[in-house]
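Here is a short exchange between a student and a tutor on how two chains meet.

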Amino acid sequence: MISAAALRARAEGLAEALPPLLAEAEHLAQAVLLGEHGRRRAGQGDEFWQYRPAHAGDEARMIDWRRSARSDAHFVREKEWQAAQSVLLWVDDAASMGFSGGNHPPKAMRARVLALALAVLLIRGGERVGLLGSDLPPRRGQHQILRLTEVLGRDLSQSDYGVPATRGMPPHSRAVFLSDFLGDLAPVETALTEAADRGVKGALLQVLDPAEEAFPFDGRTIFESMGGTLRHETLKAGDLRGRYLARLAERKARLADLARVTGWHYSAHHTGEGAQGALLWLFRALERGR
Amino acid sequence: MWTVGAFGFTAPLLLWGLVLLPALWLLLRAVPPAPIRRRFPGVALLLGLADDETQTDRTPWWLLLLRMLAVAALILGFAGPVLNPQDRTPGRGPLLVMIDGSWADARDWPRRIDRIEAMLDEAARDGRPVAVVQATDLPGDGLPFQAAEVWSARLAGFRPAAWLPDADALADWTRTLEGRFDTFWLSGGLDWPGRTALLSALERHGQVSVFESPRPLVAMRPAAFRDGAIGLTALRARPGPATEATLAATGRDPAGVERVLARVPVAFAPGETEAATDLVLPPELRNRISRFAIEGVRSAGAVSLTDDSLKRREVALIAGNENREGLQLLSPLHYLHKALDPTADLIEGTLSDVVLANPDVIVLADVATLSPAESETLQGWVEKGGLLLRFAGPRLAASDVSRAEEDPLMPVRLRAGGRTVGGAMSWGEPKTLRPFGEGSPFFGLAVPDDVRVNAQVMAQPDPSLADRSIAALSDGTPLVTRKKMGQGQVVLFHVTANAEWSSLPLSGLFVQMLERLAVSTRPARPDAAELAGTTWVPQAVIDAFGELAEAGKLPGVPGEMLARAVPGPDLPPGLYAGEDRRLALNVIGTDTVLSPAAWPARIAVEGLTVARETVLKGWVLAAALAIFAADILASLWLSGRLRGGRGAGRAAVLALGLVMLVPQGAWAQEPGTPADDALALRATSEVVLAHVLTGDARVDQIADAGLRGLSEKLTQRTSIEPAEPIAVNLETDELSFFPFLYWPVTAGQPMPSPAAYARLNRYLRTGGMILFDTRDADVAAYGGGSPEGRRLQQLARPLDIPPLEPIPSDHVLTRTFYLLQDFPGRNAGRDVWVEAAPPPDAEQAEGMPFRDLNDGVTPVVIGGNDWASAWAIDGQGAAMFPVGRGYAGERQREIAFRFGVNLIMHVLTGNYKSDQVHVPALLDRLGQ
């Protein structure tokens, strides 16, 4: 049983983490939202949009009699179009995402900010956003943002590399996978094929640290994975650089290939760069897929 | 102790540790450098990658070598290496330490004292009684044997004398010696009469060892005129290879400051002991020279004072009628030219121009009337010491000058017309000269028979005529009359300067008379007969180090003694003033030959160098540490920890730590720039500390850094926030802006000019304070045992300094900010002198303050603790010099800073703190 004081402390700790993450995501989303003011048109939905004069072809039951009674013409009540698309995010929460090779924030931080910012953008646009791998089905509304924020603010898991979850992915929805994709690629492949089977399209964003791209190591070194399960010892780390980079390029190519086959989009993002570009790319990738 | 060459080891067994080195080599080789552990997600991509080569698993050979070196250095260091180990054989019995103590010792006197100290230390360890005897300053009789420690304490009081030992006195003294004793004789390297006798006398009592400095002994002869140039001769005791020396001529410049007026190099040819050179100088400069010296040699033998014999008098010749061109022999100036040309510098021109040149003598040959303006300037010139020499002639005889009443520029009144004797139209014979009377300056000159006077101007009989007549004709009529006027005199020859009226100008007597009148320069040195019966007063004396000092109240010496020209305790070398001239007595005479002391083969002659044991343990261990530090760097580099951005930064920091940063001394003011206003603004807009420029760049830099350090401490700790310190040139800068002057004293500091002294005295009287620092920790001990101490005495003599006392324990300086009892700088402990308190029983009379001058602030603080070095900080704010050792040293530096703070507080607050004792009483009174 957790004591009241401890609960309170944890709650405050949580609340502390939330606003910055959310604020950062909101800030990021704000920059994108400006040019993309879509969907202000009549369509299917619940919200009132406008009255328009009835014209030939309109069914009689569509006429809003209360409005028409106030004048001589007949009016039809239109509702705002609400394209209720479901977007599912998967943010890798494995230990490897906690790596930071320099003064930049860890990869996990960047991935979560991007995910949340994307969620903010989409929810403002009327989409439903959910989080894969946790009990957060796609929903709309400001509350969903807070819920997302809370889940994304949790600690990283202990496992070394993350595996994409596909459970609870509705057919023909959209999905976004944010990870470093440094672990085994087989689960990723399975998840993508499964998604393609269900008609789900989306984007893969590989978040990498600059140190992982440059491999700036020398001398006798023992490399360990973040969780400590994998270990590799070398006498001259500098000699491995070329081969490491080749393997990394190969992996990127494989991911891109996989994405192309399944109709997804793939891009790599470095924590050394600004988040803005990645967010735009994600947003566009979702637009394109629609 | 086990020795190899110049090295010895105190613990040689430890050297066996070196055998272990090969084993260590193998061990180190087998162990590869430790790996770094890194967390790296990309490890998944690395799995299965194998290393191409397996080279780095072995430590590289150079790193191994480095480590072996370090270990070897450690082993060597702990084995206790010692440079110049000494195996001493203790001596026994009483020991006599004999010092020549002549001027020849002065050139390396401190080294001699060091050597004697070493001897005394050794004697103290062996428990031998010691007597230290100076041959120029013999003890009463016998040998004053005492414990070596007693002599060590008295050693600072020994001072070489500027003369050689007296053979007779030494002979008397050796007769009083008794008992057996060994002798250490520190010879000056110069032979002197009585030396061999002393040696044999000492050898009768025991073993004699001689110590001689290998440094060459040089001296210089008095300067003499050679063909219009100044002939200078330098001597050396032993012929050797070709060397060069620089002779410097020193004198007062027009501003009255002593400085080097000319330098001339002189080269000794190989194998020669004499080197001569000529120095040609304009007469203006030449007459200013007061002494010659060999530069860089501190010895009385290397200094030669000049006297009047080097001075050539300037004589201006002016004739009344210059219109008879071509008739050279009739020219009134012809014979004067001939007589004076060899010995004096002649000037010709109009009277007004000539007076401006301020000659010693002006000759007016048959010049009758002078304009009032000319007459006035001439009178002024005579009253300031000029000699006006007039000759009669037809014009003077025909004029009205000095007829009815005496002309100021004529010694007597003249009767009209003059007279002619022995001519075709007269009865009498031409007159001869009467022998000169005793009061006459010409007394003693032989009168040749063939001098005849045909015509002369006649003096009016006057009451003063008899006094003024200094030469007369056989019938008693005055021939030469003289009148004193102010400091100068007017002399009239009643005949012409040419042979028209008399044959006097044709005779040798004329030249001698001019000489006696000090018109022409006299031959070099008066002989014994001339000196007999005269008394000469010393004006300045040279000490053994060649420093010139005021003679003070030394008694006069008889001329006979001066004629012998052998300097001694009664006749110190220096400048002696007689009635009308000055004579220089130098250590080296015109014919002195320096002969080196020759010792018989049985006497062991050693040098003065003391081979001191040097313990190398610390150095070797430090080297080992340095190698280990290098090893750390190398290992880091090998394992890749030094690469990359942050690693490079770390390496740079490490490298920087090894580099000593030399502080930049920024001169607050360039000396000599006329930036008076700027200086005044800088000095007065904020409180500034100032130091006196000594001319020694290093000392000035330290003083600047020291004051900067003190200023910083003041800013940190007190409400005084001084600006950057200012360097003050005493000759040019105004002092009244500065509350406090720091004056480091160097031995070679030039004396300030009289104007600078006037400024300094005004500064001291109006509330300034000077902190004199001799930087030798020695000033208070024996009243100036060091060169700086002596220089301080010379520097401070013209200053208006009140009586001093060692700082009393209740002085206000001990509590102006901190409570202090010691005042250490970089040196600790010795006394610091301040103005003496009024005697306790003196009552303060109404209106007669005792210490109220300057608000009770002492005008000077004198010490030798080298405060500036303790205060000095470099550009980074780190201390420039170590003080003491370890924590105690830092404590000493802290106390030094506290002394500085107290001092500045004292300067700025006056007696405020000493008045604080009255505060309770004042508060009490206010309460009522």
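Student: How many residues of chain A are in contact with chain B?

Tutor: This is a predicted model, and contact here asks that the C-beta atoms, placed from the backbone, lie within 7 Å. By that cut-off, 26 residues of chain B take part, and on the side of chain A the number is 30 residues.

Student: Which element gives the most to the side of chain A that touches chain B?

Tutor: At least two residues each are supplied to that side by β8 (221–224), β9 (231–234) and α7 (237–262) of chain A. With seven residues, the one that gives the most is α7(A).

Student: In the side of chain A that touches chain B, how many residues are nonpolar?

Tutor: Sorted by class, that side of chain A has ten charged and seven polar residues. The remaining class, the nonpolar one, has 13 residues.

Student: Which residue of β3(B) is the bridge partner of A:I222?

Tutor: β8(A) pairs in the parallel sense with strand β3 of chain B, which covers residues 36–39, and the pairing runs over four bridges. Within β3(B), the residue that partners A:I222 is B:R37.

Student: And which residue of β9(A) is the bridge partner of A:F223?

Tutor: Within chain A, β8(A) also pairs with β9(A), in the antiparallel sense and over four bridges. In β9(A), the partner of A:F223 is A:H232.

Student: Which residue takes a positive phi in the hairpin of β8(A) and β9(A)?

Tutor: The hairpin has six residues between the strands. The residue with a positive phi, near 90°, is A:G228.

Definitions and conventions:
Residues are numbered from 1 along each chain as its sequence is written. Chains are lettered from A and ligands numbered from 1 in the order in which they are written. This is a predicted model: local features need pLDDT of at least 70, side-chain atom pairs count only at pLDDT 80 or more; totals for chains, interfaces and linings use all residues. Two residues are in contact if their C-beta atoms, placed from the backbone, lie within 7 Å. Ala, Val, Leu, Ile, Met, Phe, Trp, Tyr, Cys and Pro count as nonpolar, Asp, Glu, Lys and Arg as charged, and the others, Gly among them, as polar. Two strands pair if DSSP finds at least two bridges between them.
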